[in-house]
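Let's take a look at this protein together with its ligand. We will begin at the binding site and then step back to the whole chain.

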Amino acid sequence: MLIVSEDSTSARNEATIVGHHVGESTEPPIEEQNEDEDFEGTGTSSSSGRYGPRKSSLALTPEDETFDSSQHKALMDIQYPTVLPPNPQLKALLMFPKVDGICDAFRKACEREHVEITHSKSKMEALDLLQSSNINDSYNLLIIDARNSKFLDAEDITRCVRHTSGYQFTTIIAVVKKSFFEKEQPQLIALLDAGVNRCIIGTSKEEICCTELRQILHSIVRPHNVMSTQQALYTALHRLKQVLIITDEIHRIQYANKSTERLLNMRLDEIISRPIQEILVSDVSTIMPQSKLNKEFDGILTVKRKGHDGTAMHVRIVPVACIGRTPTHFVFNFDEPGSQHDFIASLPQPKEAPRGSLHSIRRGSYDVRSVASDGLRRTSLAKLTSLPLEAPITKIVNLLSQIQESCSNDEAKLIDRVLEFLKREGLYSPQMKEIRPDDPIATDLIGALLTGPSIYSSRRSSNDSIIRVANRTSVVNPIKIKPNSQVEDLLETSLTWDFDIFKLEEITGQRPLYYLGLDMVRRFDMCATFNIDEDTFKRWLVVIEDNYHQQNSYHNSSHAADVMQATGAFINQLAKKDFVMDRMDEAIALIAAAAHDIDHPGRSSAFLCNSKSPLAVLYNDLTVLESHHAATMFKLTLGDDKINIFKNLDKESYKSARAVIIDMILATEMTRHFEHLAKFVSVFGSDVEARDVQMEDEGQVLIRRMLIKVADVSNPSRPQPYCVEWARRIAEEYFTQTDEEKSKGLPIVMPMFDRATCSIPKSQIGFIEYIIQDMMHAWNGFIDMPELITYMQYNYSQWKKFEEQGILTLADIKSKLTTLNPRKSSSK
Ligand SMILES: Nc1ncnc2c1ncn2[C@@H]1O[C@@H]2COP(=O)(O)O[C@H]2[C@H]1O
């Protein structure tokens, strides 16, 4: 028994620790407790039990296996009275375009393993089956014939399946040709990235199929089934009345349940990642000294509550070793000492998360999804109607659910199908991938990119605007800019994906936008389209370039030139694929690209809002920078006849050109990234449909938005030296923003982008994983530029390598690259 009692006369907030470590022996943490009980208490026999007879011969949990001592060691991973995983009749969906020997062998193997099969011949048929299947009718296993992508595109199908709700734990197997493993590794990676669990060689030999299937069922399907129970466990923890916190081995909070918010008077996003030390008055190293780390602690500790006095709580700290024998996590369970009433529930709820916090976006998307699925169940109608959601889609779901209450079973089933369709991706926004909370740089960066400013966290206002009034008068006479043969040679390649924009920046004396722009004007015949002379375009380009801030390390005219170059390359490729944009559309897209970041101050919109800059005030904190870019371009262009490239357009053409340019520039705002992406994917998910839809106006809008968005953030898909240089530039700009926020006492939008501590590889890995990857796959699926994927994957693997090797700063990365490839890197 350990009793640490500090001086009771000490101040109110000083530590009061009364507690003891449980158990005297030196047993390892937690895992050896309850062992006997677990095997006796929770083991179920495979043929009967509370979940009824099993039709499949497969044991889904270790507890299902016949127990014998030789298996004991292998079963050590699950030792608790656990939530038993779902134990359904296993179902497989065989997706083969035709029934051949290989399909037949898989069918027989499934039959032998008691797996029920459904066969589908096409993607549409399969997706319909998956989407219409209800809870009793879902598939544990998909076997896709990936031998010939002309018939079935396994990568595309897998992506769609992974986006279908309820299929995150389904095992997906791709049946490939033997030659696949001999030469086509990038394809293997692409399939795995899309969500395929395993690629196997197709064979018509039933025995081999059976062996493969058995291994898959045991090594993939079963763990997936076990993992799916986490959902129930997390829900239980989240709803627990007691406060539960889990820390890592250095006592940083990794998980906190909902009740924690009430106890600490903080929001979950403020709690996660905090050292536990900050919420306890007592020193954790005293409560849990190194020598007692393996022991449970049980006692009274004083908890700091934001804005309140310290509160004495009964705390139990349980060490858990997830890997090895030393504790990797500590579970803190808080309750009021001797409490009879529900103390936690009586505490007020903390305030809502501010805009701009990751917490707020995650809650938002969670609510919408759960509402959607709740709406599908008649029983939850009351709950649904009580929610203050006003989206038309919610009203539709409500009305349909009401009809279901009083209709026939057949009609109810039909309505269920309608509701399933309404539930599909693309109808709800915003949508985003779940961000791993253990990845602070990614959460920082992605949180900052995808959300608006933090209006609550503004600690101090700053009225000094960093925005100058746009409209720098040009000192350069474009007509006198001399053609230069080196520039001309380089511009020969201006439509290729590995075009060297940094070389252009260097040899044009920092005027890449003028030269690249002029090249595009000529290549795409823009003077004829706008019915103006080239000199007007040249003057326009000079003014536009002059109104980019050369002192910004990233958002300068080289970035604009880069985006314009990517736009030109995409238009060129679209033309090759017969997705023809007319000359006016091409010119408009190029103009939008050239001007999309004009007068960018090198600070984010969140910064402008937090510092109450005049621009943020002007645009009501909404789409601040993008609104400014679009407005500035029009103000400059219309304000001077000598540069007015629109002056000869008729009224209607001007009106429509202006609308499209504004729409494209506003689409570069990252807070709506997932919305734009989801809409594009829902319309252009398959090549075949795309041809028809693109002719319609709505499709054209989606293509144009996606085009400029991809061009804007395509730097992770460029050849590695360029990708690294762009990463350096954006990081430098973020660092400068953080420096200024610190010096002015403003809220720090991205604390991890501190030049003293930042890991560049980590930030790039996060950016690629959360923002770039899905977008590039969607765009490549539409435009067919596999080099986008190849470069992205290579760059991703290199960032991973740098991270593993501890090469974290830009200086280290650049010197590593110079060592590897002295010729290329020295040219930068
Ligand atoms: N390589 C990169 N790493 C991290 N963030 C990036 C990268 N490239 C672009 N971005 C961010 O993505 C944003 C896209 O819109 P902006 O150009 O306004 O600002 C851009 C940057 O904030």
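In this predicted model, the ligand is surrounded by 15 residues, and the closest are His-555, Asn-715, Tyr-734, Gln-764 and Phe-767. By residue type, this shell holds eight nonpolar, five polar and two charged residues. Where in the fold do they come from? At least two shell residues are supplied by each of the helices α17 (440-450), α32 (720-744) and α33 (760-783).

Some side chains also place polar atoms at short range from the ligand's own oxygen and nitrogen atoms, within 3.5 Å. Here they are, one per row:

| Residue | Ligand atom | Distance from a polar side-chain atom |
|---|---|---|
| Tyr-734 | oxygen | 2.7 Å |
| Asn-715 | nitrogen | 2.9 Å |
| Asp-712 | oxygen | 3.4 Å |

Two of these names may look familiar: Asn-715 and Tyr-734 are also among the closest residues to the ligand. How much of the ligand's accessible area does the protein cover? On its own the ligand has 450 Å² of accessible area, and the protein covers 94% of it.

Now for the wider view. The protein has 828 residues, and 51% of them are buried. Its secondary structure consists of 36 helices and 11 strands. If you follow the contacts between residues at least 6 apart in sequence, you will find that 70% join residues at least 24 apart. On the outside, the accessible surface comes to about 38600 Å², with carbon and sulfur atoms accounting for 53% of that area.

Conventions. Residues numbered from 1 in each chain as written. Predicted model: local features only at pLDDT ≥ 70, side-chain atom pairs only at ≥ 80, totals over all residues. Heavy atoms only, no water. Helix = DSSP H or I, 4+ residues; strand = E, 2+ residues; numbered from the N terminus. Buried < 20%, exposed > 50% of the residue type's maximum accessible area, 1.4 Å probe, protein only. Contact = heavy atoms within 4.5 Å. Areas by Shrake-Rupley, 256 points an atom, 1.4 Å probe, with all protein chains shown as cover. Near = heavy atom within 4 Å. Polar contact = N/O pair within 3.5 Å; in protein donor to acceptor, adjacent residues only side chain to side chain. Nonpolar A, V, L, I, M, F, W, Y, C, P; charged D, E, K, R; others polar.
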